[in-house]
Amino acid sequence: MASTPAGNPTTRVHVVSDVHGNARDLARAGEGADALICLGDLVLFLDYADHSRGIFPDLFGVANADRIVALRTARRFAEAREFGARLWAGVDGDRSALIEKAVRKQYAELFAAFPTPTYATYGNVDMPPLWQEYAGPGTTVLDGQRAQIGGRVFGFVGGGLRTPMRTPYEISDEEYAAKIEAVGEVDVLCTHIPPEVPELVYDTVARRFERGSRALLDAIRRTRPRYALFGHVHQPLVRRMRIGATECVNVGHFASTGRPWALEW
């Protein structure tokens, strides 16, 4: 704990989301803080700002990355899946094994960059079964669970809801709502995806509404946490707004900014 000039104890927590392979800045993200919170999406499959970065261009080249980004941005998801299937058909080896090998390489570097203590939950592009292999003693992984940090109760809900993108950790609305319910009343509610509010879920660069959670919105209105923190939408129409008594804050996109969001009390 740090101290204020008046001598009152203060706790400072840094929060990141949507790391997407940025291990260099992640290694510095906890500096000056009592704890780091990570709200997922560690893996970089494809960088929509720089199509040369990520697992996809490593496997298929930048030109094919350009093409699939264009299809997805135009919301031509069926064509994007067909195009991806043709690319995979020309690859020697098992698709799942190749992806897992690439993800493991990224996880080894990213988890090694976490400071102690770190509290983390999954994003929709993460692979939860692998996390326990890489999370060291100083990293606590939570999903549908609570933790106390500096006298305040934090709730964590990871993953995303099902979309045409079919990313690795998408779950049903019912399963997601059950995790929100399991967390209950907390001081700070930490999720990967935002509540279902148009201004919070619209991505101004991708020009589409991402999926937010109605169950999360209902829980915010009902339980009134001090803060609701989330990422997922990289360039939101609104990064911060109040819902009743709750300050809702988008703490991404860490991959591009390299800067954590700070919470102090």
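## Exercises around Cys190

Cys190 has a relative accessibility of 0% and counts as buried. Keep that residue in mind, since it turns up again below. The model is a predicted one.

**Exercise 1. What average pLDDT does the protein chain have, and which stretch falls below 50?**

Step 1. Start with the whole chain: its pLDDT averages 94, and 97% of the residues score at least 70.

Step 2. Now look for the weak spot. Residues 1–5 have a pLDDT below 50, and beyond near neighbours in sequence this stretch makes 12 contacts in the model.

Step 3. Where pLDDT is low, the predicted coordinates shouldn't be read in detail.

**Exercise 2. Work out the strand order of the 6-stranded sheet and find its edge strands**.

Step 1. Walk across the open sheet and you meet β7, β8, β11, β14, β16 and β15, in that order, with mixed pairing.

Step 2. The edges are β7 (145–149) and β15 (240–243), each of which pairs on one side only.

Step 3. Ignoring direction, neighbouring strands here are turned by 20° against each other on average.

**Exercise 3. Which strands pair with β11, and which residues stand opposite Val188?**

Step 1. On one side, β11 (residues 188–191) pairs with β8 (residues 152–157) in the parallel sense, over 4 bridges. Here Val188 is the bridge partner of Phe154.

Step 2. Helix α7 (residues 173–183) packs on this sheet and touches β7, β8 and β11. Its direction makes about 170° with that of β8.

Step 3. Next comes β14 (residues 227–230), which runs parallel to β11 and is joined to it by 3 bridges. In β14, Tyr227 stands opposite Val188.

**Exercise 4. Which way do the β11 residues point, and are they buried or exposed?**

Step 1. Recall the general pattern: in a regular strand, side chains alternate between the two faces of the sheet.

Step 2. Check it on β11: Val188 and Cys190 point one way, while Leu189 and Thr191 point the other way.

Step 3. All four turn out to be buried.

**Exercise 5. How many disulfides are there, and how far is the sulfur of Cys38 from that of Cys190?**

Step 1. Two cysteine sulfur atoms must lie within 2.5 Å to count as a disulfide. By that rule the count is 0.

Step 2. For Cys38, the nearest cysteine sulfur belongs to Cys190 and is 11 Å away, and Cys38 is in no disulfide. Cys38 is buried too, with a relative accessible area of 0%.

Step 3. Turn it around: Cys190 is in no disulfide either, and its nearest cysteine sulfur is that of Cys38.

**Exercise 6. Which residues touch the most other members of the largest nonpolar core?**

Step 1. This core has 58 residues, and Leu26, Leu42 and Tyr107 touch the most other members. Helix α5 (residues 95–113) gives the most to the core, with 6 residues.

Step 2. Zoom in on Leu42. Leaving aside neighbours within four places in sequence, its contacts include Val19, Tyr107, Leu110, Phe111 and Trp131.

Step 3. Apart from this core lies another, of 19 residues, among them Leu39, Phe156, Cys190 and Trp265. There's Cys190 again!

**Exercise 7. Find the order of the 5-stranded sheet and the residue opposite Tyr119**.

Step 1. The order of this open sheet is β6-β5-β4-β3-β17, with mixed pairing. Its edge strands are β6 (139–141) and β17 (261–264).

Step 2. Strand β5 (residues 118–120) runs parallel to β6, with 3 bridges joining them. Across from Tyr119, in β6, stands Thr140.

Methods
Residues numbered from 1 in each chain as written. Predicted model: local features only at pLDDT ≥ 70, side-chain atom pairs only at ≥ 80, totals over all residues. Heavy atoms only, no water. pLDDT = per-residue confidence, 0-100. Contact = heavy atoms within 4.5 Å. Pairing = 2+ DSSP bridges. Helix = DSSP H or I, 4+ residues; strand = E, 2+ residues; numbered from the N terminus. Axes fitted to C-alpha atoms, helices over the stretch in contact; angles between N-to-C directions. Buried < 20%, exposed > 50% of the residue type's maximum accessible area, 1.4 Å probe, protein only. Core = buried A, V, L, I, M, F, W, Y, C linked by side-chain atoms within 4.5 Å.
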